[in-house]
Amino acid sequence: MRVLVLSCNTGEGHNACGKAIQECFIKRGIPCDMDDAFRFLSKGVSKIISGGFVRIYRHWPKLFCYGYDYTERHPGMFGSHSGIYKILNLRTDRLYHYISNHGYDTIVCTHIFAALMINDIKRRHPSFHAHTSFFPTDYTCYPGTEHCDMDTLFIPAPDLAPDFTARDIPAEKLVPTGIPIRLDFYQKMARDEARRKLNLPTDCRHLMVMCGSMGCGPIRKIANLLRQDLSDNCIVSIICGTNLRLYHKLTRIFNTDDRVRVHLYVKDISTMMDSADLYLTKPGGLSVTEASHKRLPMVFVNAVEGCEAYNKQFFTQRGMAVTADSLPELSKLTVSLLCDAPALEKMSAAQAQYFPNNTTEQVVQTLIDTDRTRKEPPLHE
């Protein structure tokens, strides 16, 4: 068995999902490589698309939301005769030869564009027999998923199966394992130990604030509101990710406030989550899944919408997170919850109900079993 994970550099969530799958396969001694699907068009195209996505997502979230809503209303945009499909498949022969030359027999896609490219290979090369699968990294059925003829579609939750079958996706292809995350997110460090590791006082109430790896959303406004509402025994850790401009602004604003700690990119997010009592974040698919496996209660800020609106709905309706309509309300709700132990325990219990298992191990075992079944010699009567 030899596995290729295809992702796209349009936000860290797709890559994080892919790295989690790769990590688990390698741990089991199974060769697994990960690559950028756009690279097979060209490195320049990959850079343009990825960079453009980051700029729109960070600076013009309403434009991103409009674009996503438009694709929902026009699902034919991803059909085999569409312009997007034709652009994505300009160089699928290059990807096909790469897969064949390296002997990959299992292809895992963590972005719909990668799945569309693999779909074109299956359509144009009947001899292509690798097992193909796709992982949506949000709690919804993406527009265009019905145009990706994958052998297996791993979906985020059993409750979402009707969303996929409504798009004429065969129910037998759906495997409701959940979204894969890195293995360290299934482990939980004791809160006091995590705080000592991060040089945080063990007797405080700790709020973690992060809006994705790109540091998008109204973090500065929220931080100013929180400062007005927080008591002295509360500490806020604000993580700006790759947003260097935001980091410098917040560092200047809060350089004299001991209650606020500003970070750039934090490599050990797992330990940061273990140290927190509450997590204020946008509802990105990977980050909220990671937090839920940590049993970390969440407050959602409406930063981008689009597919994340479905994540917000999924988690708030099931009692795993809360939200508010305005930033002042959001700040007051957050501060109130931070000291409300019963409410936090109730959210943690809901997360334990909906996220009981190690999703990544389950996914990898499913793919291993599928590979073994495909390669078993036929039974002779």
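Start with the open sheet of six strands whose order is 2-1-3-4-5-6, with parallel pairing. Bear in mind as you look at it that this is a predicted model. Strand 2 (32-36) and strand 6 (174-175) are the edge strands, and each of them pairs on one side only. If you want to see one of these pairings up close, go to strand 1 (residues 3-7), which runs parallel to strand 2 and is joined to it by five bridges. There, Val-5 stands opposite Met-34 in strand 2. Now look for helix 16 (residues 359-375), which packs on this sheet and touches strand 3 (106-109), strand 4 (131-134) and strand 5 (152-154). The direction of helix 16 makes about 160° with that of strand 4.

Next, move along to another open sheet, where six strands come in the order 9-8-7-10-11-12, again with parallel pairing. Strand 9 (260-263) and strand 12 (321-323) have a single partner strand each, so one side of each is left without a neighbour in the sheet. On average, neighbouring strands here are turned by 20° against each other, direction ignored.

At the strand 9 edge, strand 8 (residues 234-239) runs parallel to strand 9, and four bridges hold the pairing. One residue to click on is Ser-237, whose bridge partner in strand 9 is Arg-261. Helix 14 (residues 327-338) packs on this sheet too, touching strand 7 (205-210), strand 8, strand 10, strand 11 and strand 12. Its direction makes about 165° with that of strand 10.

Follow the chain out of strand 9 and you get to Tyr-265, in the loop between that strand and helix 11 (269-275). Is Tyr-265 buried or exposed? Its relative accessibility is 54%, so it counts as exposed, the cut-off for that being over 50%. Together with Leu-244 and Leu-264, Tyr-265 makes a nonpolar surface patch of about 290 Å².

Helix 12 (residues 285-293) is the other helix to find here: it lies across strand 10 (278-281) and strand 11 (298-300), running at about 160° to strand 11. His-293 lies in this helix, and it tells another story from Tyr-265. With a relative accessible area of 10%, His-293 is buried, because buried means under 20%. What does His-293 touch, not counting residues up to four places away in sequence? Its contacts are Ile-181, Phe-185, Tyr-186, Phe-355, Asn-357 and Thr-359. Thr-359 brings you back to helix 16, which covers residues 359-375.

Conventions
Residues are numbered from 1 along each chain as its sequence is written. This is a predicted model: local features need pLDDT of at least 70, side-chain atom pairs count only at pLDDT 80 or more; totals for chains, interfaces and linings use all residues. Side-chain values use heavy atoms; hydrogens and water are left out. Two strands pair if DSSP finds at least two bridges between them. Helices (H or I, at least four residues) and strands (E, at least two) are DSSP runs, numbered from the N terminus. Axes are lines fitted to C-alpha atoms, for helices over the stretch in contact, and angles run from 0 to 180 degrees between N-to-C directions. Contact means heavy atoms within 4.5 Å. Patches are made of residues with over 30% relative accessible area and no salt bridge: like charges are joined within 9 Å, nonpolar side chains (Val, Leu, Ile, Met, Phe, Trp, Tyr) within 5 Å. Accessible areas come from the Shrake-Rupley method with a 1.4 Å probe; for residues, only the protein chains shown count as cover. A salt bridge is a side-chain nitrogen of Lys or Arg within 4 Å of a carboxyl oxygen of Asp or Glu. Buried means under 20% relative accessible area, exposed over 50%, partly exposed in between (1.4 Å probe, protein chains only).
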